[in-house]
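Welcome, and please open your viewer! Have the selection tool ready, and take the stops in order.

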Amino acid sequence: GKAVSRTAESEILTGQALNAGKQALLGYVAQYAARTDHDVPGRLPCPEPLSPPAASEGVAASLTCNDNTATYVGRLPWRTLGIAQLRDGDGEPLWYVLGPGFRGSPINPDTPGQLMLDGIPNAAVALVIAPGSAINSLPDPNTPPAGCGKRNQSGNRFTLPYNPLDFLECGNATGAYVTSGTSFASGNTTWINDHAIAISAAEV
């Protein structure tokens with residue numbers, strides 16, 4: 001019926017947005033690698049800051065994202081990437097996770113990705129995540145699946161600074177990233193509705 005086709009349509013839109021976000025990030029890396037005026041080929045952009053100034057929404061955080069050992073989480077910096085803002089099938093702007101090793105100088109081409117994905121360590125350099133619509137898991141009497149926590153994401157979702165916990169769930173909120181949340185079902189609650197796509201070290 002209509003509900004099924006709406007879900008399928010939403011999934012297609014989400015997949016298209018994730019792919020477009022990934023291609024834009026790889027294009028950014030390629031553009032940087034071709035430049036001679038700078039010393040960090042292979043560098044990925046920072047995410048947007050969690051408190052983006054109104055005038056520069058979509059612009060990557062620059063000054064606060066230079067620790068090569070840190071993981072940075074925020075919205076996809078679409079303006080820095082030179083693209084229109086990408087939204088998932090629920091109309092939510094995409095999020096972006098940049099793992100250690102691919103930000104500051106020097107970037108070693110042999111460095112593996114440092115992010116765990118779907119239980120596999122060193123599986124990704126960066127992730128683009130479609131957060132989906134807000135979830136309210138507070139009323140569920142069941143114990144959350146491992147790695148998940150109860151939260152009403154719509155409480156103050158759009159209050160700055162953005163809190164990743166109001167957009168990302170379970171492993172995507174705690175650093176044990178997952179491409180999708182089908183393994184986190186319990187009771188009648190959807191504990192996670194994120195979809196993620198990975199960028200590997202080989203791709204960078």
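This tour visits a hairpin, a cavity and some salt bridges. Keep in mind as you go that the model is predicted.

**Stop 1: a hairpin**

Select residues 115-117, which are strand S3, and then residues 120-124, which are strand S4. The two strands run antiparallel, and two bridges join them. To see one pairing, pick Leu-115: its bridge partner in S4 is Ala-124. How many residues lie between S3 and S4 in the hairpin? There are two, and Asp-118 in this turn has a positive phi of about 55 degrees.

**Stop 2: a cavity**

Next, select Arg-75, Leu-76, Trp-78, Gln-85, Leu-86, Pro-93 and Leu-94, the residues that line the largest cavity. The volume of this cavity is about 40 Å³, and the count of cavities of 30 Å³ or more comes to one. Try colouring the lining by class: five residues are nonpolar, one is polar and one is charged.

**Stop 3: salt bridges**

The structure has three salt bridges to find.

Start with Lys-22 and Glu-203, and show their side chains. They meet in a salt bridge, with 2.7 Å from N to O. Lys-22 sits in helix H1 (residues 2-34) and Glu-203 in the segment after strand S7 (195-199), so this pair ties together parts that are 181 residues apart in sequence. Is Lys-22 buried or exposed? Lys-22 counts as buried because its relative accessibility is 11%, below the 20% cut-off. Glu-203, at 38%, counts as partly exposed.

Now move to Glu-92 and Arg-157. Their closest N and O atoms are 3.0 Å apart in a salt bridge. Glu-92 belongs to the loop between helix H2 (78-81) and strand S2 (95-98), while Arg-157 belongs to the loop between strand S5 (126-130) and helix H3 (171-174), so the pair links parts 65 residues apart in sequence. Both Glu-92 and Arg-157 are buried.

Finish with Asp-166 and Arg-151, whose side chains form a salt bridge at 2.6 Å, N to O. Asp-166 and Arg-151 each lie in the loop between S5 and H3, so the pair ties together parts that are 15 residues apart in sequence. Turn on the surface and look at the two partners: Asp-166 is buried, with a relative accessible area of 2%, whereas Arg-151 is partly exposed at 27%.

Notes. Residues are numbered from 1 along each chain as its sequence is written. This is a predicted model: local features need pLDDT of at least 70, side-chain atom pairs count only at pLDDT 80 or more; totals for chains, interfaces and linings use all residues. Side-chain values use heavy atoms; hydrogens and water are left out. Two strands pair if DSSP finds at least two bridges between them. Helices (H or I, at least four residues) and strands (E, at least two) are DSSP runs, numbered from the N terminus. On a 1 Å grid over the protein atoms alone, a cavity is a set of points where a 1.4 Å probe fits but cannot get out, and a pocket is an open set with protein on both sides within 12 Å along at least five of seven lines; lining residues have an atom within 4 Å of a point. Grid points are joined across faces, edges and corners, and a volume is the space filled by probe spheres set on the points. Ala, Val, Leu, Ile, Met, Phe, Trp, Tyr, Cys and Pro count as nonpolar, Asp, Glu, Lys and Arg as charged, and the others, Gly among them, as polar. A salt bridge is a side-chain nitrogen of Lys or Arg within 4 Å of a carboxyl oxygen of Asp or Glu. Buried means under 20% relative accessible area, exposed over 50%, partly exposed in between (1.4 Å probe, protein chains only).
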